[in-house]
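Me: I have a few questions about how the terms are applied here. Please keep the replies short.

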Amino acid sequence: MGELRLGWLSDVLGDSPTLKLSGQAKALLAAGEPVVNLTAGEPDFPTPRPICDAALKALEDGHIGYTAAAGTPELRQRVAEYYAERMGVPIKSSEVIVSNGAKQVLYNALSVLLNQGDEVAVPVPYWVTYPAQITALRARMIPVIPTQPGWKITPEDLERAGAGRAKALIFNTPSNPSGAVYTRAELEDLADYFRKTSFFILTDEIYEDLVYTDEGHVPLMTLAPDLRHRIVTVSGLSKSYAMTGWRVGFGIADEKTVSAMTRLQSHSTSNVNTIAQMASLVAFDCRDEVETMSRAFKHRRDVLVEEMSGIPGLEFTVPDGAFYLLADIRGLLAEDRQVGGCMRLAEHLLAAEKVAVVPGEPFGVPNHLRLSYADSEDTLREAGVRFKRALETFGG
Ligand SMILES: Cc1ncc(COP(=O)(O)O)c(C=O)c1O
């Protein structure tokens, strides 16, 4: 009898390295170790109370059956109204799909847009799931490397990378892992470039409410409604509403794309949990709570920036959004020991001072570390103290 062999994907798809590291940190914490965990990809706040109450009521009222695959008509309508106002463009409920988090929106979209061998342009650094999904769909990634400091790509960067031949571009503002936020002017330049191409644009705006600039978040759709047939906006409640575990994401795209995504979803996961959908109906009434959390993240950003500033050899651009700081550690490494440096430093931080961080490699930026500031001010201060102490014994 021949050996049972799993398919190709089981070999090429590794564990999400960020999940693995935060898992290690969580295991140490569970064992009572005083870990300072800067790996979190989720808010540490509770979900706003009215949303929880609506979930309890939905359960009590017996909303326990299937819904339409793309989401309840009421929720799709509510999402359409909310984003129409926010983006300043009309949106129909048939242009909205509710999926299991932004992650599934993205996977549904890529699945129906790509053919095997197609190319997808992705700005560096990128969220680790983008290359994994592209690989799973037997497509190829074109990394787009920013040449200006600050981690934002320009039309010239796209041109240089050959993005024009891509079938799709995955765009992300505010960015995980860099915290970069595109300004209106930068987006306008990019939109001009997009007009000269024919690729689909998946714009991942899941951190749209966590922006700390005066200008705030500018949705791509607002600036380029003429491209709406090519734009898939990806968002959801996970980050802004402290609802990562509820699994409620939204996709906004033209009817044809949404309909294809819905057919796929109807054969994979079906609808998002019915109780979560019912609760999500009141989410957009909780804007005060979202504001409060966003202000807290801004303060924490300032705290972490203060702690990490002035460390010789450590460089970073102050993040304008999300809850991550991406630090360049090349200056902490010896000239001849750059390879694998961020992994060495991440391991050293955990071993020497029990500080958990995520190395930059999976985001496409070796020699960087991603530090999450989704934690209390005290924890971030303690992280600063331990980080500096750990560097005293770091061999480079
Ligand atoms: C850039 C980005 N997009 C999407 C997601 C996924 O969000 P969700 O939990 O709604 O699937 C994350 C979560 O870490 C993210 O960082």
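Me: What is the bridge partner of Pro359 in strand 13?

Reply: Leu369 is the partner of Pro359. The model is predicted: local features need pLDDT of at least 70, side-chain atom pairs count only at pLDDT 80 or more, and totals for chains, interfaces and linings use all residues. Residues are numbered from 1 along each chain as its sequence is written.

Me: What makes strand 12 and strand 13 a pair?

Reply: Strands pair if DSSP finds at least two bridges between them. Here 2 bridges join strand 12 to strand 13 (residues 368–372), so the definition is met. The two run antiparallel. Strands (E, at least two residues) and helices (H or I, at least four) are DSSP runs, numbered from the N terminus.

Me: Why are strand 9 and strand 12 called edge strands?

Reply: Each pairs on one side only. The open sheet has 4 strands in the order 9-10-13-12.

Me: How do you know that Ala168 is in contact with Leu202?

Reply: Contact requires C-beta atoms, placed from the backbone, within 7 Å. Leaving aside neighbours within four places in sequence, the contacts of Ala168 include Leu202, Phe199 and Val120.

Me: Why does the largest nonpolar core lie between the domains?

Reply: Domain 1 (8–46 + 288–392) and domain 2 (50–285) both give residues to this core, so it lies between them. The bounds come from an automatic or database domain assignment. A nonpolar core joins buried Ala, Val, Leu, Ile, Met, Phe, Trp, Tyr and Cys residues through C-beta atoms within 7 Å. Buried means 20 or more other C-beta atoms within 10 Å of a residue's own, with C-beta atoms placed from the backbone. This core has 119 residues.

Methods: Buried ≥ 20, exposed ≤ 12 C-beta atoms within 10 Å, placed from the backbone. Contact = placed C-beta atoms within 7 Å.
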